[in-house]
Amino acid sequence: MSGHMRFQWVFPVVVLGMLAMAALPASACIPGAPKVEFEAQALSCGTAFLEPYNLSLTTEDELFPQTIAFKDKLYVIWQKEDFVETDAVKYHVTMKSFDGSGWTDPLYISSPDMTTPIRSELNLNPRLGASEDTLFIVWTSNEPNWTSGMDDDVVFRFTEDGDSWSEPIEVTGHYNNGLDKLPRVVPFKDKVWFVWETNDPLDSDGADMDIVMRSWDGRELGHVVEVTPPGDAYNDHYVDVAADDENMYFIWMKKNYTSGANIHDIWARVFNGSGFATPPMKISSDATDDNAHPSVAEADGRGYFLWESYDTGKTGDETSVVLRGWTVEEGMGRPTIVSSLTSNGKDTRPTGLWWKDQLYVAWTSTDQGKTFGSDADLLFRVGKLDGDGYVRFDDFIEVSDSMDDFSDRFPSLVVYDDVVNVVWAIDSNYTHLLLPENLVNITIFRSPDVVIQSIDIPFEKSLGLVYTLGTAFPIATIPTTGRVSVTDLLNEPLEGLRVGLQVRKTDESPETSRLWLLEGRGDGIYSLDELVFDKDGTYDIRIMVNNVEAGSFLVDTIPPPPSFMDRFPVTTIFFVVLGVVSGFLLFRMMGRDDVVDELRPVPLGRPSPEETL
Amino acid sequence: MAAGHKSVGPGDAPLTIDTSIADGIPFEGVPEIDTRDERAAETSQEAYIQDNRQDILRLPVVGAFLKWRWLQPLIEIPMVIIFVLVIIIGIWGTQEPSQNLATMLIWIYWWSIIIFSFVLVGRIWCFICPLGAVGEWVHRRVGTFGRKWPKALRNLWPAHIFFITLTGVDLVFGIDTLPNLTGYFLLMIMVMSIVMAVIYERRTFCRYVCPIGGMCAIYSMSSGVEVRAKSRGRCESCTTKECIKGTDESYACPWFEYPGEMDRNNYCTMCLECVRSCPHDNVGMSARPLGQDLWRTKTRVFDEVILAVGMIGVMASHTIATTQPFDDWVTAMEVDQGIPAWLTLTLVYVASIILANFAYYGISALGSRAASTEDRVLDTATVFRWTGYAMIPLSLALFMARNVLFLNIWGTALFDVIANMSNEPGWPLGSGPVEPQYLLPDSTIWWIRMAIIFLGFVFSAYAGYRLSLRLQPRRREAQLLLAAIILALVAFTIVYVWILSLPLVA
């Protein structure tokens with residue numbers, strides 16, 4: 001074989017070998033990493049925005065961008081301020097699209113003539129949704145041209161070719177007189193569903209805000225269906241929805257008045273097209289602190305619920321991003337903290353995207369351990385299912401410019417041309433020359449713009465580990481007193497550190513607490529074969545790393561109340577027997593001479609007039 | 001002559017013989033025949049029983065206190081003030097129901113506790129009701145046209161329609177979670193009470209229209225206290241009838257009752273106007289065996305029976321509406337069939353009332369067939385009209401069992417609501433977080449509920465026993481009729497216990 005021929009073989013082998021090594025999980029180089037592989041994103045395989053590309057570039061506020069891919073184009077919409085110093089602020093819904101080579105001029109979706117921004121009323125919080133052949137934009141509007149009254153209503157427009165758009169259609173109907181806002185749109189099983197929050201008594205019960213949904217079959221709107229339970233009087237807000245072929249996943253936040261004025265719980269529910277597959281499920285802890293900004297991503301039969309929480313039991317942190325997964329077979333999975341275990345800032349407004357068997361989670365963070373400065377920056381992580389059905393995440397990656405000192409907020413993820421992109425709002429005052437006379441307030445000065453950038457996952461950054469709270473986050477019900485496996489309780493790479501659980505019964509003094517040391521298996525998992533609760537009660541469990549508290553949760557070992565099947569047969573038999581026994585005794589009484597009715601038998605016939613009122 | 005042995009006196013009605021009875025009823029347990037005048041027999045029996053009781057009004061201090069003219073107004077005045085406060089806070093206060101006095105006081109506490117008052121002291125609520133008080137004050141102090149209520153409407157049907165509409169609207173739209181609607185609703189009732197007091201005589205609104213009037217009427221039959229004429233004979237011989245006409249010191253019975261004929265508690269609020277007006281001291285108040293009215297009274301009317309049985313349906317529909325499986329079903333109906341939730345709830349509510357009555361009518365048909373003899377044919381309607389009253393203790397117990405849950409959940413939270421009224425934005429519109437109390441564990445509450453239902457069941461069975469004997473003195477046939485009544489009790493109880501067993505809405 002000639003040297004030239006040898007080179008023909010050696011070169012591809014070396015390249016493939018290098019690629020294979022690079023694609024290996026970091027367990028090869030980071031001790032304790034789980035055996036889950038993450039795929040790097042090859043930016044060269046599709047259209048990519050390697051640097052942040054500014055879509056709006058104005059001196060007005062441009063917020064809440066959303067993005068979607070539809071028929072070979074990428075669409076981005078956002079809420080655009082229409083500022084006139086002498087008048088109140090108005091907002092348009094503005095859209096741009098990208099066909100692979102360039103961006104279109106902005107279209108003003110909320111204007112009658114979409115090419116010209118007519119100064120009108122408030123058009124807020126636009127959202128996108130697309131079926132195979134139709135693209136929908138839904139938003140909140142009090143625009144009198146197409147809604148009734150001046151209250152907030154939900155309207156949508158749709159297009160089949162991306163060029164010609166329908167007139168705005170009011171989802172909430174002209175009879176509506178309540179507040180309807182923060183809509184979402186999602187195609188699901190031959191229909192398109194609009195989901196929003198309302199306090200309209202015709203659509204929901206009570207005067208509180210409730211979550212409702214309504215379908216559109218291409219011709220007409222269906223009935224309004226309440227997602228939140230009837231009779232519930234607490235405000236429900238900020239719904240998000242996603243759908244796969246089988247299920248539609250809802251997540252929202254509910255006011256929890258009993259815990260405090262500004263405390264919210266996170267609730268979720270699953271709809272299978274013919275009915276709700278689950279009751280409303282409270283998926284956050286029994287809140288003693290706030291939970292907010294929920295969102296949901298679908299993953300082929302699995303729903304991933306994300307939100308921010310103050311209530312994770314961690315210390316020295318503000319909000320954390322929390323994740324829980326749900327499947328029909330397994331129900332709701334354990335909560336996982338996606339943001340950094342050592343975060344010292346806010347991790348907020350998470351959004352997720354499932355693509356090629358990996359979960360992309362992006363959020364806004366002021367965690368100065370992962371970003372720079374006190375401004376908000378964008379972080380993201382990529383997670384992948386391990387063999388046990390849990391999501392293992394790789395390392396933290398910052399999308400935005402960590403050094404820019406301007407806030408980056410409201411991320412939205414999209415796959416376009418085989419590349420994951422993130423669109424967000426950036427306080428881009430540095431992009432404009434501002435005249436002193438325009439600096440009437442800080443809003444103008446900040447002037448958020450909408451930018452887009454593709455996400456790149458460098459190989460060398462792959463694989464960190466995720467802090468997972470165990471089966472008992474933060475309050476779990478363990479049916480009986482007994483042994484609890486805490487395997488997988490911790491998945492943080494903590495080799496060399498002393499990790500343990502400090503356990504104390506809540507109604508006993510701190511001196512009674514006991515420390516259970518965890519054993520590292522060397523693969524990133526710490527375990528304890530069993531944890532024995534010898535008394536019924538509520539236990540406060542703190543996760544200690546080198547004697548520093550890293551988190552806490554409660555375990556309730558009080559048996560749950562008897563279920564329907566525990567009670568009903570017994571009580572049924574009891575009352576049947578009672579009927580027989582009481583009947584028997586009364587029958588016997590009838591035969592006794594000394595027990596007689598003191599009144600005469602009733603004369604029969606029609607009631608006499610004096611017998612009526 | 002001792003009142004207890006009063007027989008036919010000079011002023012009594014002439015003797016007549018009921019031939020259907022005089023023909024003879026061979027039954028070992030009941031006096032074979034009573035050829036005396038029906039009125040005379042009852043008079044002596046009533047008087048006898050009365051003599052064996054303690055007239056509470058003759059007790060020193062207590063009697064004088066109860067008969068005190070200012071007792072009722074002194075309770076009514078603060079009640080009216082609280083009521084107006086509730087309306088104001090309901091309309092303008094916080095709209096968080098657990099923090100608003102209107103929803104908490106009216107729907108959690110008043111609605112729960114009033115049910116228990118029926119067993120103890122009958123219609124005592126109507127004695128202190130601010131709605132009736134305001135109407136009565138207007139009637140007595142401002143003036144009235146004094147029109148008579150139309151004869152065709154002198155029954156409980158208007159009150160039934162009002163009650164069923166109210167509870168139905170509550171089920172569908174959840175008035176109990178809407179403070180402002182609660183406030184407007186109470187305001188509306190108060191205006192109705194005043195307007196009717198101006199137009200019609202006495203407490204026409206309370207007797208014929210008040211939405212809870214029918215419920216109060218039937219449940220007060222189970223009371224252990226009664227106000228009655230001590231001797232009916234004396235009433236019949238009375239020519240002045242001050243209890244009907246009133247005197248300078250007392251009013252005519254606001255409820256159109258005549259103590260001389262009154263043999264049940266349904267329309268007596270124990271205001272004691274008749275006691276004050278009677279020149280013969282022939283009206284007394286006494287304790288008695290619980291629920292005696294159920295089998296003793298001769299007044300049996302369909303409107304009361306239909307409510308008595310229908311209340312079981314009302315309880316069943318209201319309770320099942322709080323369960324998760326039902327909630328899921330309502331949602332599925334909305335999604336699959338396009339039937340809005342309000343329509344499903346309305347249909348279930350109405351159907352449950354109708355079904356309960358149809359079911360009991362069917363049982364009555366069985367009972368009438370089994371208990372009829374050649375000489376005593378019991379038609380279905382008669383059996384339904386008489387024995388339906390036996391369902392009252394059970395339906396009352398189901399009501400109590402339902403309300404025990406609310407009282408347990410909220411416990412003393414009302415005090416927190418009241419304490420928070422001084423918070424921002426200032427008294428009385430202030431509010432603050434109120435936490436459920438859960439005074440007792442769920443398992444304890446379950447058994448308390450079962451115990452209440454058990455007592456109601458036994459009470460109903462006993463009432464059925466007494467009514468069976470009144471309808472059919474023959475032992476075997478009476479037993480068959482009682483068996484039918486117990487069958488209905490078992491069926492209703494099991495259905496309700498099944499509903500109670502379902503998991504509550506999350």
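In what sense do strand 14 and strand 15 of chain A pair, and over how many bridges? The views below belong to a predicted model, in which local features need pLDDT of at least 70, side-chain atom pairs count only at pLDDT 80 or more, and totals for chains, interfaces and linings use all residues. Residues are numbered from 1 along each chain as its sequence is written, while chains are lettered from A and ligands numbered from 1 in the order in which they are written.

**View 1. Strand 14 and strand 15 of chain A form a hairpin.** The pairing of strand 14 with strand 15 (residues 248–255) is antiparallel and runs over six bridges. Strands (E, at least two residues) and helices (H or I, at least four) are DSSP runs, numbered from the N terminus, and two strands pair if DSSP finds at least two bridges between them. Four residues lie between the two strands of the hairpin. A:Asp240 has A:Ile251 of strand 15 as its bridge partner, and A:Ala242 stands opposite A:Tyr249 in strand 15.

**View 2. Strand 14 of chain A belongs to an open sheet of four strands.** The order of the strands in chain A is 14-15-16-17, with antiparallel pairing. Strand 14 and strand 17 (281–282) each have a single partner strand and stand at the edges, so one side of each is left without a neighbour in the sheet. Strand 14 (residues 236–243) is nevertheless largely enclosed by the rest of the structure, because seven of its eight residues are buried. A residue is buried if 20 or more other C-beta atoms lie within 10 Å of its own, exposed if 12 or fewer, and partly exposed in between, with C-beta atoms placed from the backbone.

**View 3. Two residues that are not glycines, A:Asp72 and B:Met270, have a positive phi.** Most residues other than glycine have a negative phi. For A:Asp72, phi is about 65 degrees; this residue is found in the loop between strand 2 (62–70) and strand 3 (73–82) of chain A. A:Asp72 is exposed, because 11 other C-beta atoms lie within 10 Å. For B:Met270, phi is about 60 degrees, and its loop joins helix 13 (242–245) and helix 14 (273–277) of chain B. B:Met270 counts as buried, with 22 C-beta neighbours inside 10 Å.

**View 4. Cis peptide bonds precede B:Pro425 and B:Pro428.** Most peptide bonds are trans. The bond between B:Glu424 and B:Pro425 is cis, with omega about 0 degrees. B:Trp427 and B:Pro428 are also joined by a cis peptide bond, with omega about 0 degrees. B:Pro425 has its place in the loop between helix 21 (413–420) and helix 22 (442–471) of chain B, and B:Pro428 lies in the loop between helix 21 and helix 22.
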